[in-house]
Structures are given as structure tokens and as C-alpha cells.
Amino acid sequence: MKIEERISAAAIEAVAQLYGQQVPEKMVQLQKTRSEFEGNLTLVVFPFLKMSKKKPEDTAAEIGEYLVNHCAEVSSYNVVKGFLNIVVSPSAWIEMLNAIHQDAHFGEVQAGADAPLVMIEYSSPNTNKPLHLGHVRNNLLGWSLAQIMEANGWRVVKTNIVNDRGIHICKSMLAWQKWGNGETPESSGKKGDHLIGDYYVAFDWHYRAEVAALKAQYENEGMSPEKAEEKAKAEAPLIKEAHDMLVKWEQGDAEVRALWRRMNEWVYAGFDETYKALGVSFDKIYYESETYLEGKKKVEEGLARGLFYRKDDNSVWADLTAEGLDQKLLLRSDGTSVYMTQDIGTADLRFRDYPIDKMIYVVGNEQNYHFQVLSILLDRLGYKWGKDLVHFSYGMVELPNGKMKSREGTVVDADDLIATMIADARQMSEDKVNKLEGISEEEKQEIARIVGMGALKYFILKVDARKNMLFNPEESIDFNGNTGPFIQYTHARIRSILRKAETAGVTLPDVVPANVALNDKEVALIQKLNEYGAAVAQAGKDYSPSGIANYCYELTKEFNQFYHDYSILGADDPQVRSLRLVLAASVAKVIRNGMRLLGIEVPERM
């Protein structure tokens with residue numbers, strides 16, 4: 001049982017003994033003591049005044065006296081109005097430190113075979129272009145959320161839905177047919193997703209030219225600019241050819257389907273490289289080309305059950321007015337599906353594949369309404385987790401010069417970004433003279449990879465996911481302040497101290513003796529370590545990787561303040577030295593585990 005739990009139980013016992021009243025655990029409000037007051041934990045006594053029928057100060061003093069006499073974890077107390085500030089006994093802090101030291105997964109809950117199952121969907125790329133900075137945020141949030149849910153005792157299935165069909169895919173295919181001359185990733189030396197993305201851009205360039213020419217023609221014929229542009233966009237030969245190709249795909253045309261499969265395979269190979277570089281993966285991948293037909297089936301079933309209705313033009317709709325929403329199209333008049341239909345089909349397949357207890361969709365906030373509707377529809381169709389599905393809604397990533405746009409060349413390519421971050425980290429390492437002497441070129445590059453990716457991931461994940469964020473690579477790779485490299489460097493520093501101790505023949509003890517004296521900085525560091533479990537639990541409750549990032553930063557700052565004031569290996573007393581070694585090793589472990597929940601590696605040296 002944790003110190004806070006023991007003190008809470010003792011406080012409940014105190015109220016029962018002093019005032020003859022049984023109080024529920026939730027009434028005991030125990031919090032960290034504010035820095036300007038003496039103490040470690042503060043008990044709010046106002047809820048007990050009706051029972052004590054005494055002043056707040058007197059009630060606090062009586063409870064404090066009882067705790068000192070009956071709770072070994074409490075050594076003294078002081079009262080500030082209705083707040084009882086408790087000083088935790090040194091032996092209790094040592095006991096806590098030993099528990100942290102001996103538990104490899106301190107603060108985390110290991111999932112059992114019968115633990116609830118959560119499925120987390122993230123990434124969701126289109127197969128007509130490579131991944132960009134927006135995808136990077138999505139993937140990092142999804143992966144981190146999966147680690148956090150696992151650390152809270154959930155079994156997790158990580159899943160991806162690939163948007164591999166539709167007019168945008170046909171645009172790339174048509175452009176390659178027209179201007180590709182048989183080009184392949186092998187012949188061009190390009191990653192497959194980049195190659196296909198180039199043809200998507202090429203289609204748009206030629207299409208715009210056609211639209212401009214037709215618009216001018218229609219305007220010369222007396223049409224208004226607005227109507228001329230609208231007609232030009234619909235009548236441009238390229239878009240008509242793309243639509244014809246989509247129809248052929250829908251009809252299962254062998255030639256079109258063969259080209260589609262070939263080009264998608266190029267893209268998947270490119271995606272896999274990027275996913276590997278980001279350190280993310282999936283347990284199951286679904287493809288829109290396979291799920292949209294399932295969605296149509298479920299809509300037809302819902303129609304037969306009276307859950308939906310058909311209009312005179314043969315289109316199928318859901319009436320959501322009872323839920324305060326509008327009418328939602330599910331099948332077009334020609335029988336083709338919409339995105340909502342496809343998501344219903346994907347959900348149905350997933351429900352059949354896995355006994356899902358909770359479903360989390362990591363998708364940008366521009367889709368808030370979509371997932372509000374999807375939740376209602378899945379609930380109507382009988383999926384037990386439909387009503388409680390979670391849309392992990394996150395904000396957009398913006399650049400210093402504004403939003404990213406695929407067709408205007410302002411997208412930050414994920415592969416370019418990764419390469420740049422690693423190169424910048426390598427340059428910073430080279431600038432730190434003698435820091436990396438005596439290790440191989442391969443090890444130097446691996447450290448640069450770890451630091452560069454840590455900088456990128458931490459900069460993105462430290463921001464509250466619900467907020468839009470401005471990405472600044474230069475700020476992210478700073479070795480000072482709230483950055484990944486700052487935390488990684490602290491871990492490397494501790495590992496260096498532990499290596500020096502080992503070289504000097506100083507062994508890291510299994511247990512710190514209970515009678516070792518503690519100073520205020522050591523107590524503060526143990527208390528901060530102990531908060532890791534609460535940070536993990538809160539991050540799981542709030543679906544908040546930023547909570548873990550902020551905890552890691554606060555712990556790192558706390559350690560550096562301690563290390564600035566006190567020597568570890570230079571401590572005069574061997575017992576104090578052992579205490580500080582255990583303290584340092586525990587900080588390194590918790591940093592490593594916390595950063596792991598963010599998908600961030602920490603190097604042994606920097």
C-alpha cells in the first residue's frame with residue numbers, strides 16, 4: 001500500500017475514533033503540500049467540520065495529533081486554517097524509494113489475460129501520397145496512447161485503416177499511365193509512396209491547366225467566371241478519364257485492378273519504411289477497398305430493420321433529428337458508399353475479429369461531427385462499444401508560414417523531416433567536443449538517430465493533443481528547456497554516473513537502510529518519483545500523452561536541481577552514497593519507462 005493510501009486510511013480511522021463517524025474514502029482529500037508551507041502532504045479538513053463541530057484549526061490539530069500517534073508514516077504536522085500539513089517520516093520515504101527501486105515496472109499496471117481490450121486506430125493514410133507532418137503527429141499520438149493504455153492494464157490492439165480506393169487513387173494511376181513511361185521505384189531510385197505522390201501532383205498540374213483553358217473558353221462564350229470555373233472543373237478531360245477509371249475499378253476491370261494493386265504495393269513498401277523510422281507499427285491493418293462493401297451490407301440490414309430510410313431517388317439516409325442532429329446520407333442514389341458507410345463496415349469487421357471493449361479513433365478535430373454521428377449509428381446497429389467509442393480528437397500542425405497544403409508545396413514530408421532531425425542531432429553531437437570520443441561511427445549515428453527522433457517526438461507529444469500546434473524544428477532539438485534531448489541527456493548523465501560507480505567498485509545496493517538521513521532535495525525527488533503512477537493513471541483517464549511528457553520534464557528538472565547541489569559518488573558517508581545511487585538509478589528507470597510510453601528511446605550516453 002502506498003504512503004498516501006496508508007495516511008488516507010489512518011485519517012478515516014481518526015475521524016471514526018475522534019468523532020464517531022464513518023466517512024467514505026472519496027471524502028479524504030489528500031494533496032501535495034504547496035511549496036511555501038512545511039510538509040509533504042496536505043489533508044483538507046473542511047469536509048469533517050460537521051462531524052467535529054469544532055473550528056477548522058482545532059479539527060486539523062486533533063486529526064494531526066492522532067496521525068502522529070497512530071500512523072508510522074507521519075512524523076509531525078502543522079495547521080494552516082483548514083489545512084493539515086503532514087510531514088512524512090524519513091523511514092517511510094526510504095521504504096517508498098526501495099519499493100520504486102525494486103519494481104521494474106513501478107507505477108504501471110500489467111495487463112492480465114482477462115483484461116479489457118481496447119482497439120486504437122491511427123495513421124489512416126491515403127495511397128496517393130507519402131506521409132507528412134500531420135501524419136507524423138497522428139502516428140505518434142496513436143502509438144503513445146497505445147503504450148499508455150497498456151501501462152494502465154488494458155490489452156491493446158493497434159490498427160490502421162488504409163484509404164486505398166476512390167477518385168484520388170485513380171488520379172495517380174491515370175497520371176502514371178499517361179506520363180510514367182513505365183517508371184518504378186527501382187528505376188527511379190525513389191520510395192514508392194514518393195513516386196506515386198509525384199504523379200498525384202502531376203495530375204493536378206495538368207488538370208489545373210485544362211480547367212484554366214476551358215474556363216477562358218467558357219468566359220469568352222459569355223459565361224460568368226463562377227459558372228465558367230464550375231463547368232470547366234466538371235468537363236476537363238482528365239477528371240472525366242479519372243471518373244471512368246473509378247467506374248472500371250468498381251466494376252472489377254482486370255487491367256485497372258492489376259495496375260491499382262501494383263501501384264499500391266509500391267506505396268505500402270514506402271509507408272513501411274516511414275513507419276519503421278517513426279518506431280510505430282500495427283497489429284492489424286484494414287483496407288477501405290475491403291470494408292466499404294461490408295458497410296453497404298450493414299446499411300442494407302439497418303434499412304430492413306427500420307433503422308434507416310430510403311428516399312425516392314433510392315438514396316439511403318439516417319434520421320438523427322431525435323439526437324439533435326440532421327439527416328445523414330449513408331448510400332448515394334446510385335448505391336455507392338460514403339465515408340460513413342465505410343467506417344460502419346470497418347467497425348463491423350473489427351467487432352467480428354476482436355472482442356472489443358473500447359474503440360478509440362485517433363483522427364483530427366475536423367472530423368468531430370463525423371464521429372459523433374458514427375457513434376450514434378453504431379449504437380443503433382447494436383455494437384456495445386458504439387455509444388462509448390472515443391474520438392481522440394487532435395488539433396492541426398501548422399508551420400511558421402501557415403497551414404500545410406498538399407497541392408501547394410507547403411507540406412513537410414515525413415521522411416525529409418526525419419532525416420533532417422537526425423542530421424541536426426548528429427551536428428549538435430559533433431559540436432560537443434570530446435563528448436563522443438572512443439565510440440564507433442555506427443554508434444555515433446545511432447545516438448544521432450535516438451536524439452533526433454526523441455526531439456521530434458517529444459516536441460509534438462508535449463503539446464496538449466486537443467490544441468493546434470506550431471512546429472519549430474530548431475526549438476525541438478535544444479539541449480536545454482522542455483525538450484526531448486534535455487531529458488535524454490539527463491538519463492545519459494545518470495547512466496554515466498552508474499558506470500563510474502561500477503568502475504570504482506561501488507555496488508548499487510538492493511535496499512537502502514531505513515535509518516539513512518534524508519535532506520529536503522532527496523525527499524522532494526522521492527516524492528516526485530512516487531507521482532509517476534498517478535501521472536500514468538491520469539494520462540490513461542484523459543487520453544493524454546502530454547501528461548506523461550510533462551511529468552518526465554518535471555522529474556528531470558527535480559533531479560538536476562538535486563544533482564547541482566549534491567554529489568553522488570563524492571558523498572562522504574557510504575550509506576548516503578548508496579542512497580543517492582539508488583535515487584539516481586530510480587530516476588533513470590522512471591525516465592526510461594516514461595519516455596517509452598511516448599515512443600521515445602533514451603541513450604546510454606550522449
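Visitor: Does Lys 81 count as buried or exposed?
Guide: This is a predicted model, in which local features need pLDDT of at least 70 and side-chain atom pairs count only at pLDDT 80 or more, while totals for chains, interfaces and linings use all residues. Residues are numbered from 1 along each chain as its sequence is written, and side-chain values use heavy atoms, with hydrogens and water left out. Buried means under 20% relative accessible area, exposed over 50%, and partly exposed in between (1.4 Å probe, protein chains only). Lys 81 has 60% relative accessibility, so it counts as exposed.

Visitor: Where is Lys 81 found, and what is its phi?
Guide: Helices (H or I, at least four residues) and strands (E, at least two) are DSSP runs, numbered from the N terminus. Lys 81 is found in the loop between strand S3 (74-80) and S4. Although Lys 81 is not a glycine, its phi is positive, at about 55 degrees.

Visitor: Which residue, found in the loop between helix H6 (167-179) and helix H7 (185-188), has a positive phi although it is not a glycine?
Guide: The phi here is about 50 degrees. At 78% relative accessibility, this residue counts as exposed. Its name is Asn 181.

Visitor: How many helices and strands does the protein have?
Guide: Let's step back to the whole chain for a moment. The C-alpha trace spans about 95 × 65 × 50 Å along its principal axes, and 52% of the 606 residues count as buried. The secondary structure comes to 22 helices and 15 strands.

Visitor: Among contacts between residues at least 6 apart in sequence, what share join residues at least 24 apart?
Guide: Contact means heavy atoms within 4.5 Å. Counted that way, the share joining residues at least 24 apart is 74%.

Visitor: How far apart are the end C-alpha atoms of helix H18 (residues 484-503)?
Guide: The expected span of a helix is 1.5 Å times one less than its number of residues. For the 20 residues of H18, that gives 28 Å. The distance between the ends agrees with this, because the end C-alpha atoms are apart by 29 Å.

Visitor: Which residue caps the N-terminal end of H18?
Guide: A side-chain oxygen of the capping residue lies 3.2 Å from the backbone nitrogen of Phe 486. Phe 486 is one of the buried residues of H18, which also include Ile 487, Ile 494 and Leu 498. The cap is Thr 483.

Visitor: What covers the buried residues of H18?
Guide: Those buried residues include Gly 484, Thr 490, Ile 497 and Ala 501. Their cover includes helix H16 (441-461), helix H17 (473-476), helix H21 (545-565) and helix H22 (574-597).

Visitor: Are H19 and H22 roughly parallel or roughly antiparallel?
Guide: Axes are lines fitted to C-alpha atoms, for helices over the stretch in contact, and angles run from 0 to 180 degrees between N-to-C directions. Angles under 35 degrees count as roughly parallel, over 145 as roughly antiparallel, 65 to 115 as roughly perpendicular and the rest as oblique. The axes of helix H19 (residues 520-530) and H22 come within 11 Å and cross at roughly 30 degrees. H19 and H22 are therefore roughly parallel.

Visitor: Is the crossing of H19 and H21 left-handed or right-handed?
Guide: H19 and H21 pack at an angle of about 160 degrees, with their axes 10 Å apart, and are therefore roughly antiparallel. Among the residues making the contact are Leu 525 and Leu 529 of H19, with Leu 555 and Phe 559 of H21. A crossing is left-handed if the near helix is turned anticlockwise from the far one by less than a right angle, and right-handed if clockwise. This crossing is left-handed.

Visitor: Which elements do the buried residues of H4 pack against?
Guide: In H4 (residues 90-102), the buried residues include Trp 93, Met 96 and Leu 97. They pack against helix H1 (3-19), strand S4 (83-88), H19 and H22.

Visitor: With which residue does the side chain of Ser 289 make a polar contact?
Guide: Ser 289 sits in helix H12 (residues 288-304) and counts as buried because its relative accessibility is 14%. A polar contact is a pair of N or O atoms within 3.5 Å; within protein, one must be able to donate a hydrogen and the other to accept it, and residues adjacent in sequence count only if both atoms are side-chain atoms. At 2.6 Å, the partner is the side chain of Asp 164.

Visitor: Which residue's backbone oxygen does the side chain of Asn 69 reach?
Guide: Asn 69 lies in helix H3 (residues 56-70) and is exposed, with a relative accessible area of 53%. At 3.1 Å, its side chain reaches the backbone oxygen of Glu 65.
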